[in-house]
Amino acid sequence: MPGPTEYGRSGGVVPDKTTWTPWLKAWRMLIDAKYHTDIYEAFLGMEAPILARAYYQVRSHPNGRKLFRDKPDLLAVLNDREYLASLPFGSLGHAYLSFLNTNKLDAGVFGEAETIRPIAEKNNWDDDFYYMVVRGTALHDMFHTIGGYGPDIAGEMANIGFHCGQMEPAGPLEKLGWFGALTLPGAPVPFKLRYYRQAVERGRRADLLMAAPWEALLPKPYGAVQRTLGVAPVEVAHPQGRWVTDWTPPSITPPTAWNYERILAAGPAAA
């Protein structure tokens with residue numbers, strides 16, 4: 001698979017105008033999960049101004065400038081299950097692999113070559129912006145991991161809130177999260193709305209996670225990485241408990257619950 005450093009559009013653009021036309025196809029995801037790339041393109045169009053702002057924030061961050069200079073291939077590291085499996089119990093890498101293995105997921109969520117690159121070429125993205133989108137897409141499940149949010153729909157809504165706290169003002173995505181918290185099952189409405197608000201605040205208080213040196217953080221203890229990045233532990237961020245739900249859209253396989261704090265408490269023998 002070609003890496004993000006091979007894209008090469010230094011004269012391209014950083015898209016900063018919202019486009020809604022991709023949503024004309026995105027509804028198909030509700031019928032069949034094979035159309036999940038429609039949702040991805042629709043999300044990119046909807047959040048274009050926010051992603052552009054995030055791009056310039058990463059460029060102004062000391063480690064972000066280093067990332068754009070060196071362009072390390074994070075997706076290749078996260079796809080190296082042998083390496084992740086070699087990392088110690090309790091490390092961030094162990095937690096990430098645990099999240100993937102629990103629901104038979106692959107790193108990256110959306111393929112770089114078959115999904116992201118065609119969108120970038122069609123829209124003439126700048127190569128640094130392309131690199132950021134590829135890296136950010138690879139970080140979706142890492143955000144789940146560092147936030148402790150499960151793969152169920154409630155965990156997805158909380159992860160959206162966590163992302164939005166990083167990107168505020170986060171535009172339509174944050175409103176989508178509020179709508180999900182209001183309408184999805186699993187807890188009383190006041191609890192869900194408070195939980196989502198806490199997730200947003202948790203993301204707001206953390207360091208700029210898109211600029212974090214994740215490759216170097218994978219071997220480090222999970223809790224230590226949370227402290228380094230300013231990500232409050234789940235029990236601090238959500239003192240009233242977790243919001244979880246068994247409900248899943250009919251086109252999606254129901255996920256298996258994941259709670260890394262419980263895994264840590266049970267110890268290596270139970271992992």
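**Close-up views of an all-residue predicted chain**

Among contacts (heavy atoms within 4.5 Å) in the chain between residues at least 6 apart in sequence, 75% join residues at least 24 apart. The model is predicted: local features need pLDDT of at least 70, side-chain atom pairs count only at pLDDT 80 or more, and totals for chains, interfaces and linings use all residues. Numbering starts from 1 along each chain as its sequence is written, and side-chain values use heavy atoms, with hydrogens and water left out.

**View 1. The whole chain has 17 helices and zero strands.** Helices (H or I, at least four residues) and strands (E, at least two) are DSSP runs, numbered from the N terminus. The C-alpha trace spans about 50 × 40 × 30 Å along its principal axes. For 271 residues, a compact globule would have a radius of gyration near 18 Å, and the chain agrees, with 18 Å. That radius is taken over C-alpha atoms, and the globule rule is 2.2 Å times the number of residues to the power 0.38. Buried residues make up 51% of the 271. Buried means under 20% relative accessible area, exposed over 50%, and partly exposed in between (1.4 Å probe, protein chains only).

**View 2. Helix 15 covers residues 222–229.** Tyr 222, Val 225, Gln 226 and Leu 229 are buried here. Seen down the helix axis, these buried residues fall within an arc of 100 degrees, so they line one face. The arc is that of the directions from the helix axis to the C-beta atoms. Arg 227 and Thr 228, on the other side, are exposed. The buried residues of helix 15 pack against helix 7 (92–102), helix 10 (140–147), helix 13 (189–205), helix 14 (214–217) and helix 17 (260–266). Gly 230 comes just after helix 15 and takes a positive phi of about 75 degrees.

**View 3. Helix 10 is mostly covered.** Seven of its eight residues are buried. They are Asp 141, Met 142, Phe 143, His 144, Thr 145, Ile 146 and Gly 147. Gly 148 follows helix 10, with a positive phi near 75 degrees. Helix 10 is also one of the packing partners of the buried residues of helix 15.

**View 4. Leu 84 sits in helix 6 (residues 81–86).** Leu 84 counts as buried, at 1% relative accessibility. Leaving aside residues up to four places away in sequence, Leu 84 touches Val 77, Leu 78, Gly 93, Tyr 96, Leu 97 and Leu 218. Gly 267 is 183 residues from Leu 84 along the chain, and their C-alpha atoms are separated by 18 Å.

**View 5. Two loop residues other than glycine have a positive phi.** Most residues other than glycine have a negative phi, and most peptide bonds are trans. Lys 71 has a phi of about 45 degrees. Lys 71 is found in the loop between helix 4 (62–70) and helix 5 (74–78). Its relative accessible area is 16%, so Lys 71 is buried. Asn 124 has a phi of about 55 degrees. Asn 124 lies in the loop between helix 8 (112–123) and helix 9 (127–138). Asn 124 is partly exposed, with a relative accessible area of 32%.

**View 6. The peptide bond from Glu 168 to Pro 169 is cis.** Omega is near -10 degrees. Pro 169 is found in the loop between helix 11 (153–167) and helix 12 (172–183).
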